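Subject: Structure handover

Hi,

Here is the structure for your files. My notes follow below it.

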Amino acid sequence: MAADFKLSAQLVGHEADVRAVSFPSPELVISASRDCTVRVWRRTKPSPPEYEGTLLSRGSEYINSVSFFPPTRDRSNGLVISGGKDSIIEIKAPTAASSDNADRLLVGHAHNVCTLDVAQNGSYIVSGGWDGQARVWNTTKWETELMLSGHENMAVWSVVAFDEHTVITGCADKSIRVFDLSQSIAGEVAPRSTIYTPEVVRALCRVPQDHPSGADIASASNDGTIRLWKINGQQVGELHGHESFVYSLTSLPSGELVSAGEDRTVRIWKGDQCIQTITHPAISVWTVAVNRETGDIVSGASDSVARIFTRRPEAVADKETLREFEDAVKGSAIPQQQVGGINKEKLPGPEFLTTKSGTKEGQVQMIKEDNGSVTAHTWSTSQQQWINVGTVVDAVGSTGKKVEYNGESFDYVFDVDIEDGKPPLKLPYNLSENPYERATKFLNDNELPLTYLDSVANFITENTKGATLGQSAPSGGPDPYGTESRYRPGEVSQPHPPKVLPQKEYLNITAAKYEAMFNKILAINKNMVSAGRKDAAFNPDQESTLRALRESLESSKPLPPRSLELVVRLVTSWPYSDRLPGLDLLRCVAKIPMAADFNDSVHGSLLDLAITTSLPADGSAPNENAIMMSLRTLANLFSSANGRSVVSANAERTIGFLERVAGISGGEPIGPFNRNVLIAYTTVSINLAVIAHRERLLSSELRRRLFVVLGAILSKDQTDSEVVYRALVALGTLLFASTAEAANLGVAGWIQSASNRASEDRVKAVAAESSKLAPR
């Protein structure tokens, strides 16, 4: 019997769901994510394996598919092929830098490119998308060679380049289509045959020739069933075990099949039996791929992590990594609706686990623990034991109250206006659900087009921000300083507080009082009109655009046309003394990708604009609040991938501005005792440290300058705990990225001084973490 797969390595670096993976060689893994990036992971150590990730590509939209074009004489490293919501397929060498241009851009799809495959001999690429198109691309001319017809505008979820002349597609219309590429007419190929299935086809894969079923292909569906088919349409088997949607399929060199799905698992299938279940500490496992040489597999999940699993003893992760993974799985919160109705009183106690065996691999058993909680355990056939995979929780949101809809309980039931003049549709949602899957179900139930998917999913995300499973709502209203992302000690004391370093998330300062802001802008504008300043004042139409902008910001809608032009005019044409509300508005729009993309020949990027307009042109003393708004704008640019690209390209100017504010260069410090300025200053520093650690960006010189910038806060008698805490988090995260640049700066002394002055345990704790990293 084959050995079980065990964790080999965890690839941490993405900031959102890992939607697609490829494993072309033992030394190379490729991943694509909803964080709009493609990353390349290269093995740097064989045993236990270690991988170093680099950013290959950053786009402006989700990237949902990836494949690999094999090496050729002309392209010895092969090519990475990726596609996503921007509808463009990018072709790029895996050795390229993120700033390098793509080798090719394939344009033709009208919507999200959700699936890609490459012919084994490299003769063509096939793609599928939400636009109902499946395209075959010539790899010599890099253009569409054939269109595969018959999908009738329904999403093509999966494509397989079955052989040199055969492509198979899986579609949302519950059909599998087989195409003979040699039978084209005027560049279009009709299906040679169509296989009708009971459910939407989410995934396809080629079945190995020696599979006992004799199947040619396998398909996966929303009903959790994997079906095995001959290419002539005959169904020859079904695999049952998954408890929800199955998103991805692949096959092993051993002849086994591998699947991944919404039930948090990757499953290994031998014949028609599940022989291993690998539970992940995530809501969904979106994707799985195999390396043909080693038989290792890589998965991508909703927790932003790609994981490699292996059967080879020499490639298993070290004991600490294995224990961390097992603990993460055990610590997972499993939504009750994912396991169905539970009667606690009828559940067995912990003794069941040592006295009863499971009947099949992956069988789930609920246990009522001595403390009253309910834990879930799955049966491992190979280990002949029950494995703890998490605690079952009742998915009650921050309000603590459920809402009834159609006889079921939900955390939220939203009213969604799809069409004017018609009653709103009901959208039920539980916090434990994946927003995209709930949005997909909502659209399917109401027979609405998938083009609404992102809008509905974003609506859910925006309207449930801050709500958590089983926790009470936070006390108090919004932080008046706009620092709602501030670190707060837990409400319940913990004997062993979790480690803070390295900081992994970017922080922003987005809380705003829009009514006061826009009223002030309109009042100043009225004064300008009275004073005859028609060159700078807004006309009535422009005032209407401003009001529409306020509504868009308050409801998280797209920016109205020409509204960004007005914001630019506010901060460039209005007198410096009247500019503050305009700078406040600038920092509010900075979080929006479209605004982050602003660039013109006069003012430069949004970052240039924020810095330049916060300083008086006549060289007089800067307004501290204007500087604070500029710093908040820089912090909020990190909210989007577009904004982070702007900061990365202008990192020297960003750090130079921090040096000016700190008084390191260009004059006296600005706002050295202004808490708002200092919190914004340290927030920008944290985000720069995160980008240095996660993205491996910032040159050695810039990192050293950032250390000095943080020393300007920590080496002085700063007493505000939030300012000191943020400075220490930034310092510690930067030390995680590299310590060489901190040599001979006295970093250890800064940390000790801050710790000695601290009155809060959280400050002392992060100081202790940082101290362990500091060069001596």
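Four strands make an open sheet, ordered β20-β21-β22-β23, with antiparallel pairing. Strands here are DSSP E runs of at least two residues, helices are H or I runs of at least four, and both are numbered from the N terminus. Two strands pair if DSSP finds at least two bridges between them. At the edges sit β20 (201-206) and β23 (235-239), each pairing on one side only. β20 and β21 (residues 217-221) run antiparallel and are joined by five bridges. C205 stands opposite A218 in β21.

This is a predicted model: local features need pLDDT of at least 70, side-chain atom pairs count only at pLDDT 80 or more, and totals for chains, interfaces and linings use all residues. Residues are numbered from 1 along each chain as its sequence is written, and side-chain values use heavy atoms, without hydrogens and water.

Next, the cores. The largest nonpolar core (buried Ala, Val, Leu, Ile, Met, Phe, Trp, Tyr and Cys joined through side-chain atoms within 4.5 Å) has 99 residues. L549, L585 and Y681 are among those touching the most other members. Helix α15 (residues 675-694) gives the most to this core: twelve residues. A second, separate core has 22 residues, including F5 and V389.

Beyond four places in sequence, L549 is in contact (heavy atoms within 4.5 Å) with residues including F518, P560 and V567.

Helix α8 (residues 563-573) has eight of its eleven residues buried (under 20% relative accessible area, 1.4 Å probe, protein chains only), so it is largely enclosed by the rest of the structure. V567 and R569 are among the buried ones. Their cover includes α6 (514-530) and α7 (540-555).

Best regards

Conventions. Buried < 20%, exposed > 50% of the residue type's maximum accessible area, 1.4 Å probe, protein only.
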